Amino acid sequence: MSQNELNKTSVLIVGAGPAGLAAAITLKNKQPEAEICVIDKAAEAGNHNLSGAILEPDCLSTLLDTINKDWKESEQAQDVLAYKVTKDNLLFLASKNFHFSIAFSIKIAKKFNLNFGQMSYEGNYIVSISKLTKWLCQTAKEMGIEVIHGFAAEDIIYDAENGVATGVKLVDQGLDKEGNKQPNYTEGEIINADMIILAEGCDGLLTEKFIEKAGLVRQANQLYSVGVKEVIRVSDAQFKKFTAGRVVHAMGYPIWTPVLGPGMFGGGVLMPVSENHIWVGMIVGLDWKYCDFSPQDALTNFKNQRFVRKFIEGGTIVEAGAKMIPEGGYYALPRNPATSGIGKGNVLILGDGAGFVNMLKIKGLHNAIKSGIAAGRAIAECENNPAATVSKYTELLNTLGVMREMKDAAKFRQTVAKLGPLIGMPISVFGDKLPLFKVEKDYLVMTSKKYKYKPGKSYDKDTFTALAATEHREEQPSHLTIINRNTCAQECREKYDSPCITFCPAGVYEMIAGQVKPANPSNCLHCKTCQRKCPLDNIRWTVPEGGGGPRYKTV
Ligand code: SF4
C-alpha cells in the first residue's frame with residue numbers, strides 16, 4: 001500500500017512492536033469489525049526490535065488463548081519459545097579473572113519476601129524480540145489487521161479549535177540532503193484516526209512530543225540505559241558447555257568494581273539464541289560519568305572476562321545491534337496530572353514508550369504486551385468515548401499486574417543512581433520505605449573523568465554497523481541535528497572531548513575540520529543514545545524516511 005492510499009482509520013497504532021501488535025490483536029479479537037491500522041518505520045516486521053529477552057509467557061496466553069487455544073503448537077511459537085530457562089546464573093565479576101555466584105542473595109530475598117527475589121528467571125523463556133514481533137505481525141495480518149512497514153511518522157496532527165489529536169503525519173520521502181524536492185518526492189500523508197495508540201518503543205519521537213503537548217507529567221526524570229549486543233556463533237563444544245536454557249546475568253567488572261572502580265549501573269548478559277549461537281550483551285545506565293566511555297569498550301572487556309571468554313573464544317560474530325531501555329520506573333511514567341491516566345484525550349501510550357520496564361527483573365517485554373492487551377480491551381469496552389478509554393486503559397494496567405510490578409520496583413533505579421551500585425543495590429531492598437531520591441537527567445552527570453578499563457584496541461564499529469545491516473537512503477536530509485555548532489566546537493570539546501564520537505555505537509559522529517558532525521547518518525541504529533547522553537543536550541534525533549535503519553533478525 002502506498003502512503004496516498006491510506007488516509008483514514010478508526011484506530012491508528014504507531015509502532016508494530018510487541019505492545020502495538022498486542023493492542024491490535026486484542027481489539028480485533030474483541031471487535032472483528034474494528035478498523036485498525038498499524039504503521040512501523042522498519043522495512044520489515046521485527047527489523048527494529050532488538051533484544052534477546054527473557055519473557056514471562058503468561059502474557060502470551062492472555063493474548064492468544066482466545067484466538068487459538070493451540071497457539072503453542074504452531075511452528076513459529078515453537079521457534080520463538082525454543083529455550084526455556086533451566087539454569088539461572090547471577091554472578092559478580094570482581095575482576096577480569098575472578099567471579100563468584102551471588103544467586104544465594106536472590107534465594108535469601110525470596111525467603112524474606114524482599115523485592116530482589118524478583119530477579120529469578122527459571123521457567124521463563126529466552127526469546128528474540130525480533131522473531132516474536134514477526135510472529136505477532138503475521139498473527140495480526142491473518143486476523144485482517146492492516147500492518148504496514150516502511151511508514152515513518154513524524155508528528156501528531158491536532159484539531160486547531162479543540163486541540164484533539166486527529167491523525168499522524170508521515171515523513172516526506174524524496175528530499176535531497178539540503179531538503180530540496182527530488183523527482184521521486186512524495187509528501188508525507190496524514191493518516192486521520194479516531195484513536196491513536198503510541199507504541200513506538202523507548203524515547204519515541206511522537207510519544208515525547210505528545211507528552212509535552214498534552215502536559216503529561218513524570219514525577220521523576222526518565223533514566224535510560226543502552227544495551228549493545230552481539231550474536232556469536234560458537235563451536236558445538238562451547239555451546240554444549242554453555243548449555244541451552246542457561247541465562248547468565250553478571251554485575252561488577254568492567255563497569256563497577258568495589259574499590260576505586262568505575263561505579264556504573266548495569267551488567268553483562270549471556271543467553272542462547274539458537275543452536276551454537278549465543279547472545280553476548282552489555283547494558284549500561286546512561287548516567288555514566290566518563291567522557292571517554294563507550295558501551296562497546298565495556299562489551300569488549302566483558303567478552304574477555306575469564307568466565308565469559310571460555311564460551312565464545314574463537315567464535316564468529318554474526319549479528320549486532322544497540323538500543324536504549326527506559327529505566328526510570330513507576331515514578332517516571334508520563335501521567336495526566338488531573339486523572340493519573342497514561343495518555344490523554346484520544347491518545348494512549350504503551351510499552352517502552354511509557355516506560356513499563358521493571359528494573360528489578362531487568363524485563364519489560366511482558367509488561368509491553370500486557371499494556372497492549374489493556375489498550376485493546378479498553379478501546380473495545382469504551383467505544384467512542386476516548387476519555388473513558390484512557391481511564392479504562394490505566395485501570396486495566398492495574399488489573400493485569402503491570403502497575404503492581406512497577407510499584408514493587410518503584411525506587412530501585414533512583415536509589416542506585418543516587419548512591420551508586422555498591423551502596424544503592426543492597427539498600428534498595430528496603431523498597432518503598434526509602435525516600436524517592438531526586439536524580440538528574442542522564443546527560444547532566446557527565447564529567448571529564450576517564451574510564452579506567454579502556455581496552456587497548458578500538459572497537460570495530462564499522463563491522464558492528466554492518467552486522468546490524470543498517471541502511472538509509474544516502475541522499476535524504478540528515479535525521480540527526482546538532483542544535484548549536486559553537487557549543488559543540490567550544491564548550492563540549494573543551495570540557496568533555498566530544499563524547500558522542502566515542503559513545504555512538506555506530507560511529508555516526510566525526511570530527512571534521514574542528515567541528516563535530518553527524519558525518520555518517522546512514523549508519524544510525526536508531527538507538528537514540530546521542531539524544532539522551534550529549535552532555536550539553538545539543539543533539540536531536542528525528543525520524544528518517546520509512547524503511548531505513550537496522551534490519552535485525554535475531555539479535
Ligand atoms: Fe544511536 Fe545516535 Fe549513534 Fe544513531 S547517531 S546510532 S541514535 S547514538
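1. Let's start with what surrounds the second largest cavity in this predicted model. Strand S16 gives the largest share of the lining, 4 residues. S15, S16 and helix H14 (412–427) each supply at least two lining residues.

2. The second largest cavity holds about 200 Å³ of space. Of the 17 residues that line this cavity, the closest to its centre are Met 119, Phe 265, Gly 266, Gly 267 and Ile 362. By character, the lining divides into 12 nonpolar residues, 4 polar and 1 charged. For context, the model has 6 cavities of 30 Å³ or more.

3. Strand S15 deserves a look of its own. Is S15 (residues 246–252) mostly covered or mostly exposed? Mostly covered: 7 of its 7 residues are buried.

4. It helps to recall that side chains in a regular strand alternate between the two faces of the sheet. In S15, Arg 246, Val 248, Ala 250 and Gly 252 point one way, while Val 247, His 249 and Met 251 point the other way. Residues of both sets are buried, and that includes the charged Arg 246.

5. Now for the neighbours of S15. Strand S5 (residues 87–93) pairs with S15 in the parallel sense over 7 bridges. If you would like a place to find this pairing in the structure, look for Asn 89, which stands opposite Val 248 of S15.

6. Strand S16 (residues 266–274) runs antiparallel to S15, and 3 bridges join the two. Here the pair to look for is Ala 250 and its bridge partner in S16, Gly 268.

Conventions:
Residues are numbered from 1 along each chain as its sequence is written. This is a predicted model: local features need pLDDT of at least 70, side-chain atom pairs count only at pLDDT 80 or more; totals for chains, interfaces and linings use all residues. Side-chain values use heavy atoms; hydrogens and water are left out. Buried means under 20% relative accessible area, exposed over 50%, partly exposed in between (1.4 Å probe, protein chains only). Two strands pair if DSSP finds at least two bridges between them. On a 1 Å grid over the protein atoms alone, a cavity is a set of points where a 1.4 Å probe fits but cannot get out, and a pocket is an open set with protein on both sides within 12 Å along at least five of seven lines; lining residues have an atom within 4 Å of a point. Grid points are joined across faces, edges and corners, and a volume is the space filled by probe spheres set on the points.
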